[in-house]
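Welcome! Open your viewer, switch to a cartoon view, and keep the selection box handy for a short tour.

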Amino acid sequence: MRLLKPKFWETKNFFSLILYPLSVITFLINNTKKFHIKKKFQIKTICIGNIYVGGTGKTSLAIEINDLLRKKFRTVFIKKKYENQLDEINLLNNKGKVISSTSREFALLTAVKKKYQLAILDDGLQQKNINYDFKIACFNSKYALGNEYLLPAGPLRESLNQIKNYDLIFLNGEKKNQKLLSKLKSMNKHLKIFEGKYKALNLKNFDLKKKYLMFCGIGNPHEFKQTLIKYKFKIDKEIIYPDHYTLTNIDLKELKDRAKKEDLRLVTTEKDFFRLNKIQRKNINFLKIKLEINDKKELKKILISKI
């Protein structure tokens, strides 16, 4: 069973302190990874990942970077295959070529054999045995660093000290977070930080005079809701499922029956929509969004110069 992010990850509290000894184990496991022998592959690599677990916009950023560089390089997305994350693979498949495997090393070897020039990895920063050419860490501007504890006491996959080993930081979200910016800069004053916001692409498909039932199963449902609000959607009800949740036919019947009874329209994310089969998608619409980067030209310049 997949769970929603626990509330106690947001602050230092009784529950996070009780779990803190287990976070020490996470730290020790991560610390052993620095002794791994790094493998270099005969293909340029950009790894886009996160330190805060889930919902930081790394898939959206991977798509944007692919759009920036695909005219200069023969690009391919690399996505490690997890059974509960097929939605992200499906989304990437709609944006470019994808190689997905339970082993990132095997996927990279396959990319080399197929003569791709640049592999864009969606996730993988915590795999320390691959020598990436360029490493980007994403954060969400609202959730920031949570209580700053490692899993399971907090939401961090690895120590914040790892930031000094990354080439670039992305802060994604509707609201600017000056406190987070200052915190990251204090760890590395030379760190280049970009920001991104979500832009809707298919508003013409929606009647904004109607009321909506929003539902989703993503890492950061709050950000999706804020994007809907920004574009003047009237959110009457919201139903949040665990990240990567696959709706059953029973779930869908309940959603559609409730929407019909209360005269609401159903709206969800692109990821959630593509988890559904064609029959299940009936009477459901998704908001198609893209990540709007604050300085695309500068980002492109940096990426090309480094890889």
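**Stop 1: a pair of neighbouring strands**

Select Asn50 and then Cys138: Asn50 stands opposite Cys138, which lies in strand S5. Keep in mind as you look that this is a predicted model. Now widen the selection to residues 134-140, which make up S5. Strand S1 runs parallel to S5, and five bridges join the two. Strands of a sheet pair through backbone hydrogen bonds, either parallel or antiparallel.

**Stop 2: the whole sheet**

Zoom out a little. S1 and S5 belong to an open sheet of eight strands, in the order S3-S2-S4-S1-S5-S6-S7-S12, and the pairing is mixed. Which strands sit at the edges? They are S3 and S12 (289-293), each of which pairs on one side only. Turn the sheet to look along it: from one strand to the next, the twist averages 25 degrees.

**Stop 3: a helix against the strands**

Next, select residues 104-113, which form helix H4. Show the side chains of Arg104, Glu105, Ala107, Leu108, Thr110 and Ala111, which are buried. An α-helix has 3.6 residues a turn, so residues three or four places apart point the same way. What do the buried residues of H4 pack against? Add strands S1 (44-50), S2 (75-80), S3 (98-101) and S4 (118-122) to your view, and you have the answer. Just after H4, click on Lys115, whose phi is positive, near 65 degrees.

**Stop 4: an enclosed strand**

Move on to residues 265-269, strand S10. Four of its five residues are buried, so S10 is largely enclosed by the rest of the structure. Three bridges join S10 to strand S8 (residues 211-216), and these two run parallel. To find the pairing, select Leu213 and Leu266, which stand opposite each other. S10 also runs parallel to strand S11 (residues 284-287), with four bridges between them. Here, Thr269 has Leu287 in S11 as its bridge partner.

**Stop 5: the cysteines**

A disulfide is a covalent bond between the sulfur atoms of two cysteines. How many disulfides does a search of the whole structure find? It finds zero. Select Cys47 to see why: the closest cysteine sulfur, in Cys138, is 9.7 Å from its own, too far for a bond. Cys47 counts as buried, because its relative accessibility is 0%. Finish at Cys216, whose sulfur is 19 Å from the closest cysteine sulfur, again in Cys138, and so too far for a bond. Cys216 is buried too, with a relative accessible area of 0%.

Technical notes
Residues numbered from 1 in each chain as written. Predicted model: local features only at pLDDT ≥ 70, side-chain atom pairs only at ≥ 80, totals over all residues. Heavy atoms only, no water. Buried < 20%, exposed > 50% of the residue type's maximum accessible area, 1.4 Å probe, protein only. Contact = heavy atoms within 4.5 Å. Pairing = 2+ DSSP bridges. Axes fitted to C-alpha atoms, helices over the stretch in contact; angles between N-to-C directions. Disulfide = S-S within 2.5 Å.
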